[in-house]
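Here is a short tour for anyone meeting this structure for the first time. Have a look at the picture, and then we'll walk through it piece by piece.

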Amino acid sequence: MEAERTAVVERRLIEFELDAAFSFRAPGDAPSRDVRLRAKIDRVDLLEGGRFRVIDYKSKLVPDPKRTVQLQIYTSAVAQQLRRAGDAREAAEAFYLSLEGESAIKSLRAARGQSLDDLLRDAEQRMVKAMDDMTAGHFPARPTPRSLCAQCPFDSVCRKQFVELDGD
Ligand code: SF4
């Protein structure tokens, strides 16, 4: 991975710890939300030019960043933590590094016309909305892919059926 990248690594921070409240952008015009996080990030590389990258190791399968927020939230929180420590840096990239998967690297990829920060904001908003939904008691089962239900031993008692009847 490093051989394919030209950026000089100033420091490799292993098991980068987050244990504080961080500010995340909320959907629409709502104010940003402070959320307490506790996590250990596999690796944060401090790069030349005031940038950093976040790496999350996976043994094999990697999540789809379009459906998950872990990597994006880590990246936003790392930027804030570095800033608080007096080392303000810009996120250069973030990716899952799979040790045995078919594709070793799965990065956060911005669509044309988007920036990495656009991806981070989208994930922050999705997380804040999910938290609000859970607080309101709305957290329907939404397996991805839906075919998982076919092998699930709880299919006969799962409330997903009620959710679907309600048209959710
Ligand atoms: S049947 Fe229910 S619990 Fe089982 S995978 Fe589907 S949604 Fe999840």
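## Charges and surface

Let's begin with the charges: the protein chain carries 28 positive and 28 negative ones, and their mean positions sit 1 Å apart. Keep in mind that this is a predicted model.

As for the surface, the protein chain exposes about 10,700 Å², and carbon and sulfur atoms supply 50% of that. Buried residues account for 33% of the 168 residues in the protein chain.

## The overall layout

The protein chain comes in two parts: domain 1 covers 9-137, and domain 2 covers 140-168. Measure between their C-alpha centres and you get 29 Å. Taken along the principal axes, the C-alpha atoms of the protein chain fill a box of roughly 55 × 40 × 35 Å.

What pattern do you get if you read the protein chain along its sequence? It goes β-β-β-α-β-β-α-α-α, which gives four helices and five strands. There's also plenty of long-distance joining: of the contacts between residues at least 6 apart in sequence, 65% link residues at least 24 apart.

## Before and along strand β1

Start with A7, in the segment before β1. Is A7 buried or exposed? A7 has a relative accessible area of 18%, and buried means under 20%, so A7 counts as buried. Leaving out residues up to four places away in sequence, A7 touches L47, E48 and R51. The C-alpha atom of A7 is also 9.8 Å from that of L46, though the two residues are 39 apart along the chain.

Strand β1 itself spans residues 9-24, and E15 is part of it. E15 has a phi near 50 degrees, a positive value in a residue other than glycine. That's worth a second look, because most residues other than glycine have a negative phi. With a relative accessible area of 48%, E15 is partly exposed.

A21 belongs to strand β1 too, and at 35% relative accessibility it counts as partly exposed. Setting aside residues up to four places away in sequence, A21 touches V35, R36 and R84. For a long reach, try A21 and S156: they are 135 residues apart in sequence, and their C-alpha atoms are 40 Å apart in space.

## Two buried serines

S76 is in helix α1, which runs over residues 70-84. S76 is buried, at a relative accessible area of 6%. Which side chain does the side chain of S76 meet in a polar contact? It's the side chain of E124, at 2.7 Å. Apart from residues up to four places away in sequence, S76 touches F24, L120 and E124.

The other serine is S98, found in strand β4 (residues 90-98). S98 has a relative accessible area of 5%, which makes it buried. The side chain of S98 reaches the backbone oxygen of K60 at 2.5 Å. K60 also turns up among the residues S98 touches, which are K58, S59, K60, V62, S103 and A104 once those up to four places away in sequence are left out.

## Two spots in the loops

Move on to the loop between β4 and β5 (105-107) and you'll find E102. Where S98 is buried, E102 is exposed, with a relative accessible area of 89%. How far apart in space are E102 and G86, C-alpha to C-alpha? The answer is 39 Å, for two residues that are 16 apart in sequence.

The last stop is P145, in the loop between α2 (116-135) and α3 (148-151). A cis peptide bond joins T144 and P145, with omega at about 0 degrees. That's another detail to notice, because most peptide bonds are trans.

Key:
Residues are numbered from 1 along each chain as its sequence is written. This is a predicted model: local features need pLDDT of at least 70, side-chain atom pairs count only at pLDDT 80 or more; totals for chains, interfaces and linings use all residues. Side-chain values use heavy atoms; hydrogens and water are left out. Domain bounds come from an automatic or database domain assignment. Buried means under 20% relative accessible area, exposed over 50%, partly exposed in between (1.4 Å probe, protein chains only). Contact means heavy atoms within 4.5 Å. Accessible areas come from the Shrake-Rupley method with a 1.4 Å probe; for residues, only the protein chains shown count as cover. Lys and Arg count as positive and Asp and Glu as negative; His and the chain ends are not counted. The place of a charge is taken as NZ of Lys, CZ of Arg, CG of Asp or CD of Glu. A polar contact is a pair of N or O atoms within 3.5 Å; within protein, one must be able to donate a hydrogen and the other to accept it, and residues adjacent in sequence count only if both atoms are side-chain atoms.
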